[in-house]
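The following exercises are intended for a reader who meets this structure for the first time. Each task is followed by a solution that proceeds step by step.

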Amino acid sequence: MSATGAKNTPFSLIGSDVTISGNLSASVDLHVDGAVEGDISCAALVQGPDSRIVGHVTAQSARLAGLVDGSITAQELVVESTARITGDVRYERITIEPGSRIEGHFAHKDHGAVPELKLIAGDGAV
């Protein structure tokens, strides 16, 4: 039983006041609002806009809104407008909102298939 009394917690939360140095592995969904210096592996990752991840991210799905300095591998990836990514990105499906910044290479996980790439036009986009 966990400290909260829950037997099967559906997700884990890293609060904005938490800094973790080391690799994280979770079999459940992970929500990061703090800072992580290490690799993250989880089922689904949601990153808050003020958070920072320095390391490789591996997830089935990832919704990134903060700073990521490291490579990303995800089946489904959503890059929100506040995201700042420095590193290579491997994906199966990707959505990129206007305003986000990505410095690195993109590669579809299956080079033989046509990748699905969605660009979302925001208000006032040219």
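**Exercise 1. Pairing of the strands**

In strand E6, Gln-47 is the residue that stands opposite Val-32. The model is a predicted one, in which local features need pLDDT of at least 70, side-chain atom pairs count only at pLDDT 80 or more, and totals for chains, interfaces and linings use all residues. Residues are numbered from 1 along each chain as its sequence is written, and side-chain values use heavy atoms, with hydrogens and water left out.

Task: starting from this pair, trace which strands pair with one another and in what sense.

Solution.

Step 1. Fix the terms. Strands (E, at least two residues) and helices (H or I, at least four) are DSSP runs, numbered from the N terminus. Two strands pair if DSSP finds at least two bridges between them. The protein has 15 strands and zero helices.

Step 2. Begin with the partners of E6. Strand E4 (29-32) pairs with E6 in the parallel sense over three bridges. Strand E3 (residues 24-25) also runs parallel to E6, joined by two bridges; there, Leu-24 has Ile-40 as its bridge partner.

Step 3. Continue to E8. E6 and E8 are parallel and share six bridges. Within this pairing, Leu-45 has Ala-62 as its partner, and Val-46 stands opposite Arg-63.

Step 4. Proceed to E10 and E12. Seven bridges join E8 to E10 in parallel, with Ser-61 opposite Glu-76. Strand E10 (residues 72-79) in turn pairs in the parallel sense with strand E12 (residues 89-96) over seven bridges. Glu-76 appears again here, with Arg-93 of E12 as its bridge partner.

Step 5. End at E14. E12 pairs with E14 in the parallel sense over three bridges, and Val-89 stands opposite Phe-106.

**Exercise 2. The nonpolar core**

Task: state which residues have the most contacts inside the largest nonpolar core, and which elements supply that core.

Solution.

Step 1. Define the core. A nonpolar core is a set of buried Ala, Val, Leu, Ile, Met, Phe, Trp, Tyr and Cys residues joined through side-chain atoms within 4.5 Å. Buried means under 20% relative accessible area, exposed over 50%, and partly exposed in between (1.4 Å probe, protein chains only).

Step 2. Read off the members. The largest core has 23 residues, and Leu-45, Leu-64, Ile-72 and Leu-77 have the most contacts inside it. Two or more residues come from each of E4, E6, E8, E10 and E12.

Step 3. Examine one member. Contact means heavy atoms within 4.5 Å. Beyond four places in sequence, Leu-64 touches a set of residues including Leu-45, Ile-72, Leu-77 and Ile-85.

**Exercise 3. Ser-51 and His-108**

Task: determine where Ser-51 and His-108 lie, whether each is buried or exposed, and which backbone oxygen each side chain approaches.

Solution.

Step 1. Locate Ser-51. Ser-51 is in the loop between strand E6 (40-47) and strand E7 (52-54). It counts as buried because its relative accessible area is 3%.

Step 2. List its surroundings. The side chain of Ser-51 reaches the backbone oxygen of Gly-48 at 2.8 Å. Not counting residues up to four places away in sequence, Ser-51 touches Val-32, Asp-33, Gly-34, Gly-66 and Leu-67.

Step 3. Turn to His-108. His-108 lies in strand E14 and is buried, with a relative accessible area of 10%. A polar atom of the His-108 side chain lies 3.2 Å from the backbone oxygen of Glu-92.

**Exercise 4. Ala-107 and Tyr-91**

Task: describe the positions of Ala-107 and Tyr-91.

Solution.

Step 1. Ala-107 is in strand E14 (residues 106-108). Its relative accessible area of 19% makes it buried.

Step 2. Beyond four places in sequence, Ala-107 touches Val-89, Arg-90 and Tyr-91.

Step 3. Tyr-91 is found in strand E12 and is buried at 7% relative accessible area. Its C-alpha atom is separated by 8.0 Å from that of Ile-72, 19 residues apart along the chain.

**Exercise 5. Confidence in the model**

Task: state the mean pLDDT and where pLDDT stays under 50.

Solution.

Step 1. pLDDT is the predictor's confidence in each residue, from 0 to 100. The mean is 87, and 80% of the residues reach 70 or more.

Step 2. Over residues 1-5, pLDDT stays under 50. Where pLDDT is low, the predicted coordinates should not be read in detail.

Conventions: Polar contact = N/O pair within 3.5 Å; in protein donor to acceptor, adjacent residues only side chain to side chain.
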